[in-house]
Amino acid sequence: MRLLVVEDEEDLADALRFGLTRAGFAVDVALTGAQAEERLGVNAYDVVVLDLNLPDTDGVDLLRQLRSGGFDGPSGSDTRVLLLTARSSLDHRVRGLDAGADDYLVKPFAFEELQARLRALLRREVAGGDVVLRSGPVELDTARRLAFRDGRELKLTNKELGVLEYLLRHPGHVVSSEDLLEHVWDENADPFTQTVRVTVGTLRRKLSLDDEEQLLETLVGQGYRLRTPTGPTDGG
């Protein structure tokens, strides 16, 4: 899933980018409100991690603008927002949540808690909000970042896990290459490369051994979809 970290402390922003990327997220960073506005107007983010103390604007004003649909771009009023700030008073928390934040985490914080809160926000998009996403014999434990087919663990890269998670969060939908590029890769990805096709290809091979039915199908000119096997599985 793709995140925008809006944080003016460069060392912290770099640390968040590094840690969250290792945790499997695609991460873009904005150091100012102006940079955040630019990115929100261009890219579709699943979650925005927003500091309130920005050098050129108040983060709450940026949040209100997002919630009101003030950005002419793919990031809209339904984008999840987690406030990450040193403002710890009750009044600040209430003001941020009333402005439309989905969660509020006070600095200093434990990185593990930040990851858990991000996973919780993403689960709200899935019916039932389960930690484990399932489709037929395929399971993805979003907390442990482990994937299985019929109980067999799949050795997936972070990008393969990201593609699988996005597909599982959109069951039965045909997902285009553009959708995957927008939500699984960061802004440094080259849209003219074959990176999505190659990643989907390796994921397809890992999902199905030689004697197993293919689960990840390509619809020419449309995109990709996870399908449920037509026959019984071994059950793991």
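**Exercise 1. A pair of strands**

Find the residue of β8 that stands opposite Asp141.

*Solution.* Start with Asp141. Its opposite residue in β8 is Leu146. Note that the model is predicted. Next, look at the two strands. β7 covers residues 138-141 and β8 covers residues 146-149. They pair in the antiparallel sense, over 4 bridges.

**Exercise 2. The antiparallel sheet**

Give the strand order of the open sheet of 4 strands, and say which strands stand at its edges.

*Solution.* Step one: the order is β6-β7-β8-β9, and the pairing is antiparallel. Step two: look for strands with a single partner. These are β6 (132-135) and β9 (152-154), so each has one side without a neighbour in the sheet. Step three: check the twist. Neighbouring strands here are turned by 25° against each other on average, direction ignored. Step four: add the helix. α8 (residues 195-207) packs on this sheet and touches β7, β8 and β9. The direction of α8 makes about 165° with that of β9.

**Exercise 3. The parallel sheet**

Work out the order of the open sheet of 5 strands, and name its edge strands.

*Solution.* The order is β2-β1-β3-β4-β5, with parallel pairing. Now the edges: β2 (26-30) and β5 (103-106) each pair on one side only. The average turn between neighbouring strands of this sheet is 20°, direction ignored. Zoom in on one pair. β1 (residues 2-6) and β3 (residues 47-50) run parallel and are joined by 4 bridges. In this pair, Leu3 stands opposite Val47 in β3. Finish with the helix. α1 packs on the sheet, touching β1, β2 and β4 (80-85). The direction of α1 makes about 170° with that of β2.

**Exercise 4. Helix α1 against helix α5**

Describe how α1 and α5 cross, then sort the residues of their contact by class.

*Solution.* Two packed helices are described by the angle between their axes and the distance between the axes. Take both values. The axes of α1 (residues 10-22) and α5 (residues 111-123) come within 11 Å and cross at roughly 60°. Therefore α1 is oblique to α5. The crossing is right-handed. Then list the contact. α1 supplies Leu16, Gly19 and Leu20. α5 supplies Phe111, Leu114, Gln115 and Leu118. Sorted by class, these residues are 5 nonpolar, 2 polar and no charged.

**Exercise 5. Helix α6 against helix α7**

Repeat the analysis for α6 and α7: at what angle do the axes cross, and which residues make the contact?

*Solution.* Begin with the geometry. The axes of α6 (residues 158-168) and α7 (residues 177-184) come within 10 Å and cross at roughly 120°. That angle makes α6 oblique to α7. α6 passes α7 in a right-handed crossing. Now the contact. From α6 come Lys159, Gly162, Val163 and Tyr166. From α7 come Asp179, Leu180, His183 and Val184. Last, the classes: 4 nonpolar, 2 polar and 2 charged residues.

**Exercise 6. The whole chain**

How many helices and strands does the chain have, and why does its radius of gyration agree with that of a compact globule?

*Solution.* Count the elements: 8 helices and 11 strands. Then compare radii. A compact globule of 236 residues would have a radius of gyration near 18 Å. The chain has 19 Å, so the two values agree. Add the dimensions. Along the principal axes, the C-alpha atoms fill a box of roughly 60 × 35 × 30 Å.

Key:
Residues numbered from 1 in each chain as written. Predicted model: local features only at pLDDT ≥ 70, side-chain atom pairs only at ≥ 80, totals over all residues. Heavy atoms only, no water. Axes fitted to C-alpha atoms, helices over the stretch in contact; angles between N-to-C directions. Parallel < 35°, antiparallel > 145°, perpendicular 65-115°, else oblique. Left-handed = near helix turned anticlockwise from the far one by under 90°. Contact = heavy atoms within 4.5 Å. Nonpolar A, V, L, I, M, F, W, Y, C, P; charged D, E, K, R; others polar. Pairing = 2+ DSSP bridges. Rg over C-alpha atoms; globule rule 2.2 N^0.38 Å.
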